[in-house]
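Welcome! Have the sequence and the 3D view ready, try each exercise yourself, and then compare your reasoning with the worked solution.

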Amino acid sequence: MNRFVSVEDVSIEFNSRGGRFLALRDINLQIAKGEFVTLIGHSGCGKSTLLNLVAGLLDPTRGVLLCNNREIAGPGPERAVVFQNHSLLPWLTCFQNVHLAVERVFGGKEDRSALNARTEAALELVGLNHAMHKQPHEISGGMKQRVGIARALAMEPQVLLMDEPFGALDALTRAHLQDELMKIVSRTASTVIMVTHDVDEAVLLADRIVMMTNGPAATIGEIVDVGLARPRDRLALANDPQYHAVRARVLEFLYKRHQRPAA
Amino acid sequence: MTAALPTEEISDARLARAARWKIAYEWLAGAGRFMVFNILPGVTGLALFVLGWEILSQHNAQLPGPGKTLDAALVLFADPFYNNGPNDQGIGWNLLSSLQRVGIGFGLACLIGIPLGFMLGRFVVLSRMAAPIISLLRPVSPLAWLPIGLLVFQKADPAAIWVIFISSIWPVIINTAVGVTRVPQDYLNVARVLQLNEFRIMTRILLPATLPYVLTGVRLGLGVAWLVIVASEMLTGGSGIGFWVWDEWNNLNVEHIIIAIFVVGTVGLLLEQAIMLVAKRFTYE
Ligand SMILES: Nc1ncnc2c1ncn2[C@@H]1O[C@H](COP(=O)(O)OP(=O)(O)OP(=O)(O)O)[C@@H](O)[C@H]1O
Ligand SMILES: [Mg+2]
């Protein structure tokens with residue numbers, strides 16, 4: 001199997017007030033190029049932590065992470081992140097937020113008009129060209145999240161890391177963006193790791209669903225192959241027995257075998 | 001039928017007129033509410049203050065009342081820029097030379113304090129090194145620095161500027177440093193993922209993120225500088241609003257002292273408002 005991203009025997013501890021806190025242990029995960037993987041698990045189990053390890057924002061205490069056969073030694077623009085809370089810079093316009101990333105990645109190779117065109121294309125992709133010159137506080141939460149996605153996509157990353165990108169959105173916007181994301185990903189053949197706590201979203205988008213046990217010392221409990229053909233249509237899936245089988249398996253894992261800790 | 005058309009037109013015109021009246025009425029009502037709740041209390045307070053002053057002056061022959069002070073002010077402001085030699089200049093010149101000292105002293109404080117604050121905020125070792133010095137020197141009364149200034153510079157004017165500088169630099173340094181440490185980790189993570197260079201991090205993230213804190217420091221520092229200028233000019237003499245107050249005290253011209261107090265207060269207020277205006281422009285969300 002082609003291992004584009006590889007997580008090998010990774011554990012991570014945090015220094016906390018009560019001493020060392022083992023957040024994740026013995027994580028092993030191989031992801032192929034062009035694969036779409038979702039991470040699902042209860043709140044606080046360590047999904048963001050695992051994503052940040054792949055991003056290079058955190059260093060593992062034990063084990064090693066590889067991307068494209070090279071050790072991940074820190075963050076870099078080839079692994080773009082859509083943050084859980086969008087993280088747009090409030091003093092820049094939407095355009096400037098995306099442009100900052102575009103300029104960093106393509107600034108050495110392309111001239112100004114090409115960089116501007118890339119920025120505009122990325123914003124157009126998420127349907128935001130009309131709000132290009134607004135500042136983040138002037139647009140809605142869903143729009144902010146879309147700018148965050150545009151910023152990550154504009155970098156044409158080898159791996160797209162998304163931390164609950166649609167978590168704060170209403171159901172309609174969320175469905176729309178899920179459809180858009182599926183189109184974009186199939187067009188660009190991106191490798192995607194996406195954190196979610198929404199079972200339907202996980203099944204709809206993923207090639208494989210990585211299910212995590214509860215923390216502390218959380219690890220991967222089970223990995224499900226979704227095995228649904230692409231392109232996927234949310235309406236057609238409603239009557240697809242395979243969809244329901246996968247969904248039932250994830251639900252059973254989350255609500256029967258690894259119930260939310262009574263906290 | 002023929003009669004119906006004009007009536008309709010009339011009623012349209014009437015409606016439009018009524019709508020205009022309504023808008024005018026609402027505007028007036030809004031303005032009235034604003035007057036009653038925002039302007040009126042302030043005006044009443046001022047009026048009470050002047051009344052109290054008047055009563056006080058009735059019972060104290062030394063203290064000139066509002067009327068007498070106003071008369072003196074009208075004469076004074078009729079020619080604020082006369083110049084009869086170095087010890088007898090108009091209030092305008094004195095005000096300008098105070099402003100100039102504050103400008104130089106406080107300008108230097110910003111020029112040195114802001115970069116210093118950035119360094120202290122960015123590098124923990126530096127901030128630990130500076131912490132004891134800052135906590136020791138910051139509470140020192142401004143005028144205690146004057147002898148040092150006179151000793152070093154041998155002249156009154158730079159000594160006064162030195163006092164402004166040293167007493168207004170602390171809030172600038174401290175607020176800037178705090179601002180840098182409060183830059184949200186999210187923004188720094190964006191910088192890390194993009195692997196921005198140090199220059200870009202500075203211009204696109206650290207500077208804009210800390211600007212509100214820096215401006216708070218500048219506002220507090222300028223307040224201190226303006227507080228201190230009067231006292232230090234009283235001691236150093238020569239020119240300036242502080243010197244003028246002292247001079248008028250020696251002439252026993254109490255009206256002028258009261259006018260000077262109002263001038264100092266008004267200028268301080270204007271300076272603060274100007275910075276608030278700038279700060280508002282650079283505050284996000
Ligand atoms: N920097 C840190 N220092 C100490 N503990 C941390 C740190 N970051 C995360 N943790 C702990 O690690 C565990 C996993 O956190 P993480 O943010 O990865 O959870 P999550 O699965 O993303 O949760 P959610 O779904 O609520 O976002 C939590 O118990 C959290 O308290
Ligand atoms: Mg999380």
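**Exercise 1. A charge over a ring**

Over the face of which residue does B:R281 lie?

*Solution.* Keep in mind from the start that this is a predicted model. Find B:R281 and look at the ring beneath its side chain: B:R281 lies over the face of B:F282, and the distance to the ring centre is 5.1 Å. Now turn to chain A for another case. There, the charged end of A:R118 sits over the ring of A:F106, 3.6 Å from the ring centre.

**Exercise 2. Classifying an aromatic pair**

Decide whether the rings of B:F49 and B:W53 are stacked, edge-to-face or tilted.

*Solution.* Start with what you need: a pair of aromatic rings is described by the distance of the centres and the angle of the planes.

Step 1: rings pair if their centres lie within 6.5 Å. Over all chains, the count comes to six aromatic pairs. For B:F49 and B:W53 the centres are 6.4 Å apart and the planes stand at 50°, so this pair is tilted.

Step 2: check where the two residues sit. Both belong to helix α1 (residues 4-58) of chain B, and because they are four residues apart, about one helical turn separates them.

Step 3: compare their surroundings. B:F49 has a relative accessible area of 47% and is partly exposed, whereas B:W53, at 13%, counts as buried.

Step 4: look for further partners. Ring pairs join B:F49 and B:W53 with B:F262 in a cluster.

**Exercise 3. The magnesium site**

Find out which residues coordinate the magnesium ion (ligand 2).

*Solution.* Step 1: look for donor atoms around the ion. A:S48 coordinates through OG and A:Q84 through OE1, at 1.9 to 2.7 Å.

Step 2: trace these two along the chain. A:S48 is in helix α1 (residues 47-55) of chain A, while A:Q84 is in the loop between β6 (79-82) and α2 (94-106) of chain A; they are 36 residues apart, and the pair links distant parts of the chain.

Step 3: check the exposure. A:S48 is partly exposed at 23% relative accessibility, and A:Q84 is partly exposed at 42%.

**Exercise 4. A residue in helix α1 of chain A**

Is A:T49 buried or exposed?

*Solution.* First locate A:T49, which is in helix α1 of chain A. Its relative accessible area is 14%, and with buried meaning under 20%, A:T49 is buried. Then list its contacts, leaving aside neighbours within four places in sequence: A:I12, A:F14, A:L24 and A:L58.

**Exercise 5. Domains and chains**

Describe how the domains are laid out and how the chains meet.

*Solution.* Step 1: divide chain A. The assignment gives domain 1 (1-78 + 159-263) and domain 2 (81-156). Their centres, taken over C-alpha atoms, are 24 Å apart. Between them, 16 residues of domain 1 are in contact with 15 residues of domain 2, and about 1,400 Å² is buried, with carbon and sulfur atoms giving 71% of that area.

Step 2: divide chain B. Here the assignment gives domain 1 (2-63) and domain 2 (75-281), and 40 Å separate the centres of these two domains, taken over C-alpha atoms.

Step 3: bring the chains together. In this interface, 16 residues of chain B are in contact with 25 residues of chain A. The buried area is about 1,900 Å², of which carbon and sulfur atoms give 66%. B:V193, B:L194 and B:R204 supply 32% of the area that chain B buries against chain A, more than any other three residues.

Notes:
Residues are numbered from 1 along each chain as its sequence is written. Chains are lettered from A and ligands numbered from 1 in the order in which they are written. This is a predicted model: local features need pLDDT of at least 70, side-chain atom pairs count only at pLDDT 80 or more; totals for chains, interfaces and linings use all residues. Side-chain values use heavy atoms; hydrogens and water are left out. Rings of Phe, Tyr and Trp (its six-membered ring) pair if their centres lie within 6.5 Å; planes under 30 degrees apart count as stacked, over 60 as edge-to-face and the rest as tilted. Helices (H or I, at least four residues) and strands (E, at least two) are DSSP runs, numbered from the N terminus. Buried means under 20% relative accessible area, exposed over 50%, partly exposed in between (1.4 Å probe, protein chains only). A charge sits over a ring if NZ of Lys or CZ of Arg is within 6 Å of the ring centre and within 35 degrees of the ring normal. Donors are N, O and S atoms within 2.8 Å of the metal (3.2 Å for Na, K and Ca); water is not among the atoms, so sites may look incomplete. Domain bounds come from an automatic or database domain assignment. Contact means heavy atoms within 4.5 Å. Buried area is the accessible area (1.4 Å probe) that two parts lose on being put together, summed over both.
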